[in-house]
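Morning, everyone. Let me put the model on the screen, and then we'll walk through it piece by piece.

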Amino acid sequence: MISVPKYIENTKNYSPSLTVDEIVKKYDLNRISVLWNNENNYGFSKKINNNIKLSDFQLNRYFDPLNIQLRAKISSFYNLSIDNVIIGNGSEGLLQNVIRSFCSFDDEVLTFNGTFVMIYLWSNINNTSCKKLKLSENYRYDIKKIISNITKRTKIIYIASPNNPTGQIIEKNNFQKLMTIIPKNILVILDEAYYEYAKAITDEYPNSLDYDFENLVILRTFSKAYGLASLRIGYAISKKIIIDSLLKVKLTFETSILSQKIAMMALDDQVFIKNVTRNNSIELEKYYRFFNDNNINFFKSFGNFIMIDLGSEKKSNELYLKLLKKGVFVRLLNAFGLTNCLRITIGTSDENDYCIKIFKEILSKL
Ligand SMILES: Cc1ncc(COP(=O)(O)O)c(C=O)c1O
C-alpha cells in the first residue's frame with residue numbers, strides 16, 4: 001500500500017458548498033446576490049471584451065516561460081526593474097511558491113488566526129508549521145505580538161493587508177515598525193490582494209513599493225479589482241534574489257498565455273479600476289449606515305467585503321441560512337476560526353440593496 005505522509009493525510013480537502021445553480025434550484029429562488037467570494041461583481045474591463053480574438057494566440061505552442069512581456073508591463077507600470085517581478089497562478093499560487101522556496105521542515109510561518117486560510121493550508125502541505133496568533137480586540141493586528149512571538153524557527157511572517165476576512169490593514173507606522181525591528185533573515189509576505197481598494201479608501205495604507213526592504217515580498221492579483229479571478233493570474237514584487245528563487249520553483253509555464261495577454265489589457269484600463277474602487281467605497285458606506293442603524297457589530301473595511309460579528313456561532317449560522325434561503329449568499333467564517341462572524345462581499349448597488357432589504361426583513365422578524 002502507498003503510504004501518505006501524515007501532514008498530507010491530515011489535510012482537509014477544500015470542500016466547496018453547493019453551487020449557485022444548485023442553491024437556486026433547491027430554494028426556488030428568482031433573485032440572488034452572490035456575495036461570498038470577494039469577487040468583483042462589476043465584472044471586468046470592457047476593453048478586454050472588445051479586443052480579444054482567439055486566432056491572435058498560437059494556442060498550440062508553448063510560450064516564453066519567463067513571461068517577459070507581462071513582467072515588463074507590470075514593472076514599467078510601477079517603475080520597477082523586470083527582475084523584481086514574477087507572475088503566478090493567482091496570488092495563491094505565488095504564496096505556495098514562496099513557502100516552497102524558503103521553508104524547510106524545521107522552519108515556522110508566523111501569522112494570525114482569522115486571516116487568509118490558504119497560508120495555513122500551504123504551510124501544512126509543505127510540512128512547515130504555522131503559528132497562529134490571536135487577533136486583538138476588534139480583530140485587529142497587533143504588531144507587538146508578532147515581534148514578541150518571533151523565535152529562531154520563524155522564517156516567514158505572513159500579513160494580509162487588507163486582511164481577509166476582517167478588512168483591516170497594517171497602517172504605515174506599524175508596517176515601518178515591523179520591518180525595521182524584525183531580523184533580516186525573516187521574510188515578510190505582504191499579501192495585497194485588495195491593494196487597489198485600500199489605496200482608494202485611505203492614505204494610511206502604506207505604499208509598500210516606496211520602501212526598500214530586502215526581506216519583503218509583496219503579492220498582488222488580477223483576481224479582485226481587475227475582475228479576472230477565473231484566469232488565475234497574480235504577481236509578486238520583491239528583490240531580485242527572492243524573485244530568482246521563485247523563478248526556480250514555479251511551474252515551467254505559469255500561467256496561461258491567454259491569462260497573461262488579458263492581464264496586460266486589464267492593466268491598461270485604469271479608468272475601470274477607478275470606477276470599481278470608487279463604487280466600492282460608496283457601497284461600503286451604505287452597509288456602514290445600515291449596520292449602525294441596526295446595532296450590528298461591524299468592522300470598517302479597506303477591501304471589497306465587510307465582516308460582521310453576531311456574537312455567537314449559533315446566530316451567525318442562523319443568519320447565514322436565512323439569507324441564503326432568500327438568495328443572499330454570504331460567507332461563514334468557520335474555516336478562518338471566526339465562528340461568530342459573517343463576511344459579506346460588496347456587490348453592485350442593486351445586489352447590496354437586495355442584501356440589505358432581506359437582512360432588514362430578517363431583523364424585523366426576530
Ligand atoms: C488575502 C487574499 N490573498 C490571496 C487571495 C487569492 O487570490 P488569487 O485569486 O490571486 O489567488 C485571496 C482570495 O480570496 C485573498 O483574500
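Start with helix H6, residues 118-125. H6 lies across three strands: E3 (108-112), E4 and E5 (154-160). Against E4, the helix runs at about 155°. Keep in mind that this is a predicted model.

Now the sheet those strands sit in. The sheet is open and has seven strands. Read across, the order is E2-E8-E7-E6-E5-E3-E4. The pairing is mixed. Which strands are at the edges? They are E2, residues 85-88, and E4, residues 129-133. Each of these two pairs on one side only. From one strand to the next, the twist averages 20°.

Zoom in on one pair in that order. E7 covers residues 216-221, and E8 covers residues 234-237. The two run antiparallel, joined by four bridges. Here is one partnership to click on: isoleucine 218 has isoleucine 237 of E8 as its bridge partner.

A second helix to look at is H10. H10 lies across E2, E7 and E8. Its direction is at about 30° to E2.

H10 also meets a helix, H5. H5 spans residues 90-102, and H10 spans residues 240-249. Their axes come within 9 Å. The crossing angle is roughly 100°. That angle means H5 is roughly perpendicular to H10. Who makes the contact? From H5, we have Asn97, Val98, Arg100 and Ser101. From H10, we have Ser245, Leu246 and Val249. By class, this contact has three nonpolar, three polar and one charged residues.

Stay on H5, and turn to the ligand. How many residues surround the ligand? There are 13 of them. The nearest are Gly90, Glu92, Asn164, Thr221 and Ser223. Which helix gives the most to this shell? That is H5, with three residues. The shell divides into four nonpolar, seven polar and two charged residues.

Next, the other sheet I want to show. This one is open too, with four strands. The order is E9-E10-E13-E12, and the pairing is antiparallel. Its edge strands are E9 (297-299) and E12 (331-332). Both of those edge strands pair on one side only. E12 pairs with E13, residues 341-345, over two bridges, in the antiparallel sense. Look at the residues facing each other here: arginine 331 stands opposite arginine 343 of E13.

Now zoom out to the domains. The domain assignment gives two pieces in sequence for domain 1: 6-44 and 271-364. Domain 2 is 47-268. How far apart are their centres? Taken over C-alpha atoms, 24 Å separate them.

The domains touch. Domain 1 puts 30 residues into the contact, and domain 2 puts in 32 residues. On the domain 1 side, three elements supply at least two residues each: helix H1 (6-9), helix H12 (270-293) and strand E10 (305-309). H12 gives the most to that side, with six residues. What is the chemistry of that side? By class, domain 1 brings 15 nonpolar, 11 polar and four charged residues to the contact.

A quick recap. There is a seven-stranded sheet with mixed pairing, and a four-stranded sheet with antiparallel pairing. The ligand has 13 residues around it, with H5 giving the most to that shell. H5 crosses H10 at roughly 100°. And H12 gives the most to the side of domain 1 that touches domain 2. That's the tour.

Terms used
Residues numbered from 1 in each chain as written. Predicted model: local features only at pLDDT ≥ 70, side-chain atom pairs only at ≥ 80, totals over all residues. Domains from an automatic or database assignment. Contact = placed C-beta atoms within 7 Å. Nonpolar A, V, L, I, M, F, W, Y, C, P; charged D, E, K, R; others polar. Near = placed C-beta within 6 Å. Axes fitted to C-alpha atoms, helices over the stretch in contact; angles between N-to-C directions. Parallel < 35°, antiparallel > 145°, perpendicular 65-115°, else oblique. Pairing = 2+ DSSP bridges.
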